[in-house]
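This report describes how the strands and helices of one protein model are arranged. Please consult the sequence and the structure shown below while reading.

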Amino acid sequence: MNTTSPAKVYVVIPCYNEEEALPITAKTMSAFFDEMIKDGLFAPDSRMLLVDDGSRDKTWTVIENLVASSEKFEGLKLAHNAGHQNALWAGMTAASQKADAVISIDADLQDDINAMRGFMKEYYSGADIVYGVRSKRETDTFFKRMTAEMFYKGMAHLGVETVFNHADYRLISKRALHELLNYSEVNLFLRGMVPTLGYKTAKVYYERSERTAGESKYPLKKMLAFAIQGITSFSVKPIRMIALLGVIFALAAVGIGLYALISMIAGKAVPGWTSTMLSIWLIGGVQLIALGLIGEYIGKIYIEVKRRPRFIVEEHLTHK
């Protein structure tokens, strides 16, 4: 997206119970904004849009004070907790009519803000989408590194196009964002949706650091739910795998039946309680897993057909 003047950029920051981290984040980002404007990478009227995703602490109070104190900040308050992806969508929707480009980043500032310099250079060179990609995961535990790698490789195996080691730290141009906002599904998985746009893309590598303050908003339970959301939102291969598993069990049943028939003819058949129970439990367990997976897809259809709004905005604050 070549341009002769600096782009008006909105940095969208979803916030959920970030009362502790937000003042530190705001101070750091405010100084960084000044540098980016001075270097001609951001236009002077660029803004940070802080989206309060139904926080239960004083996050919104902090946002109100920031908006009142500086024109760099805008605040968007959702009426209830809509979830990270929906909060991000709400912020991008609000910024889409004002910005030339939108950058999304989490409030904990674990993602290196200096990577935005690379984002803007790629944007000015013609990229509509720029992905922030982690160069390594040394700040993660062994378990998190292992599960993250399994997630990305598993998604690729299931035919879902994602960017390895990329979360939701990215730049997206105005025209690409307008096309993304035309997607009507309620079950959002932005890491899989954005790559389907097809515009020119680029990657900027960075190292992730520790949280500035507060606690992680993605415990194991939420990570697992997010992984299931991604898989079932973009791939039907798990259901096809169930069908294949059914064929395998059917063939195995034929083999076992032939073995039993031959044993009976040979007079070697001995009624076996253990083998019978093992068969029942094994097949029963597979059936329950299959029904649960099918139910996950049916549940998604149920949510989609209701067409409820992804989020409800309670208040949108700008500097006066």
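## The sheet

In this predicted model, eight strands form an open sheet of mixed pairing, in the order E7-E5-E6-E4-E1-E2-E3-E8. Strand E7 (201–206) and strand E8 (313–317) stand at the edges; each has a single partner strand, so one side of each is left without a neighbour in the sheet. On average, neighbouring strands are turned by 20° against each other, direction ignored.

Strands of a sheet pair through backbone hydrogen bonds, in either the parallel or the antiparallel sense.

## Strand E1 and its partners

Strand E1 (residues 9–15) runs parallel to strand E4 (residues 101–104), and four bridges join the two. Within this pairing, Val9 stands opposite Ala101, while the bridge partner of Tyr10 is Val102. E1 also pairs with E2 in the parallel sense, over six bridges; here Val12 stands opposite Leu49. Together with helix H1 (residues 21–38), E1 and E2 make a right-handed β-α-β unit.

Seven of the seven residues of E1 are buried, so this strand is largely enclosed by the rest of the structure. Val9, Val11, Ile13 and Cys15 point one way from E1, whereas Tyr10, Val12 and Pro14 point the other way.

## Helices against the sheet

Helix H2 (residues 59–69) packs on the sheet, where it touches E1, strand E2 (47–52), strand E3 (73–78) and E8. The direction of H2 makes about 150° with that of E3.

Helix H4 (residues 115–124) lies across E1, E4, strand E5 (129–134), strand E6 (166–173) and E7. H4 runs at about 40° to E6.

Methods. Residues numbered from 1 in each chain as written. Predicted model: local features only at pLDDT ≥ 70, side-chain atom pairs only at ≥ 80, totals over all residues. Heavy atoms only, no water. Pairing = 2+ DSSP bridges. Axes fitted to C-alpha atoms, helices over the stretch in contact; angles between N-to-C directions. Contact = heavy atoms within 4.5 Å. Buried < 20%, exposed > 50% of the residue type's maximum accessible area, 1.4 Å probe, protein only. Right-handed = clockwise from strand over helix to strand, strands pointing away.
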